[in-house]
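Me: Take me through one part of this model slowly, starting at the surface and working your way inward. Keep it informal, and spell out the cut-offs as you go.

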Amino acid sequence: MKDGGRKQGAMSPCAACKLLRRRCAKDCVFAPYFPADEPHKFGNVHKVFGASNVNKMLQELPEHQRSDAVSSMVYEANARVRDPVYGCVGAISSLQQQVDVLQTQLAQAQAEVVHMKMHQFSSPNQHQPSYTPSATNSSPPSENVYQSSRLVTSHINIDQSLWSY
């Protein structure tokens with residue numbers, strides 16, 4: 001059984017103490033949040049924030065807030081390692097741009113549906129909606145929305161989470 005990053009019986013140091021090459025004390029502030037089996041988690045946090053700063057931050061927080069603080073530090077450190085200039089802001093900006101593009105596409109698709117319904121009510125004899133392609137656009141608008149959304153979502157890489165590295 002694990003006890004906050006150390007195995008009972010064998011005193012295995014937490015990932016932080018192992019990386020820092022020091023003895024892991026029973027009251028180690030890092031042990032509950034950086035278990036020995038996840039050394040990469042502390043590695044990036046140490047690389048970005050420094051062990052001393054992380055130690056100070058954790059000791060200044062009440063214990064019930066430390067887990068959330070560590071999660072935030074791990075996320076920011078992983079983002080900073082992937083994108084040293086923008087870090088989390090780069091990821092947020094990229095996602096916001098994708099949301100903007102998708103909202104535009106949704107608005108276009110909704111306008112197309114309204115247009116098709118209006119056209120259907122104006123000519124009840126016709127069951128097939130007519131479509132006249134423009135010179136710059138040779139496929140129906142619904143196809144373009146589908147293709148554009150596939151293009152945007154193809155840039156989203158769900159496998160590369162910033163929560164774990």
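**From a surface loop to the core**

Reply: Start with V85, found in the loop between α4 (63-82) and α5 (88-122). Helices here are DSSP runs of H or I at least four residues long, strands are runs of E at least two long, and both are numbered from the N terminus. Keep in mind that this is a predicted model: local features need pLDDT of at least 70, side-chain atom pairs count only at pLDDT 80 or more, and totals for chains, interfaces and linings use all residues. Residues are numbered from 1 along each chain as its sequence is written, and side-chain values use heavy atoms, with hydrogens and water left out.

V85 counts as exposed because its relative accessibility is 61%; exposed means over 50% relative accessible area, buried under 20%, and partly exposed in between (1.4 Å probe, protein chains only). Together with Y86 and V89, V85 makes a nonpolar surface patch of about 340 Å² accessible area. That area comes from the Shrake-Rupley method with a 1.4 Å probe, and for residues only the protein chains shown count as cover. To join a patch, a residue needs over 30% relative accessible area and no salt bridge; nonpolar side chains (Val, Leu, Ile, Met, Phe, Trp, Tyr) are linked within 5 Å, like charges within 9 Å. A salt bridge, in turn, is a side-chain nitrogen of Lys or Arg within 4 Å of a carboxyl oxygen of Asp or Glu. Over at C88 you are out of the sun: C88 is buried, as its relative accessible area is 11%.

Now step back for a second. The protein has six helices and two strands, in the order β-β-α-α-α-α-α-α. Of its 165 residues, 25% are buried.

Heading inward, the largest nonpolar core has 21 residues, and C14, F30, F34 and L58 touch the most other members. Such a core is a set of buried Ala, Val, Leu, Ile, Met, Phe, Trp, Tyr and Cys residues joined through side-chain atoms within 4.5 Å. Two or more residues come from each of α1, α2, α3 and α4, and α4 is the top contributor with five.

F34 gives you a good view of it. Skipping neighbours within four places in sequence, its contacts (heavy atoms within 4.5 Å) include C14, F42, V45, V70 and V74. V45 is in helix α2 and counts as buried because its relative accessibility is 0%. With the same neighbours set aside, V45 is in contact with F34, G50, V54, M73, V74 and A77. For A77, the C-alpha to C-alpha distance from V45 is 5.2 Å, although they are 32 residues apart in sequence.

α2 (residues 39-49) buries F42, G43, N44 and V45, and their cover includes α1 (15-20), α3 (51-60) and α4. Right after α2, G50 has a positive phi of about 90°.

One last thing, on cysteines. Counting a disulfide as a pair of cysteine sulfurs within 2.5 Å, you get zero. C17 is in none; its nearest cysteine sulfur belongs to C14, 3.6 Å away. C17 is buried, as its relative accessible area is 1%.
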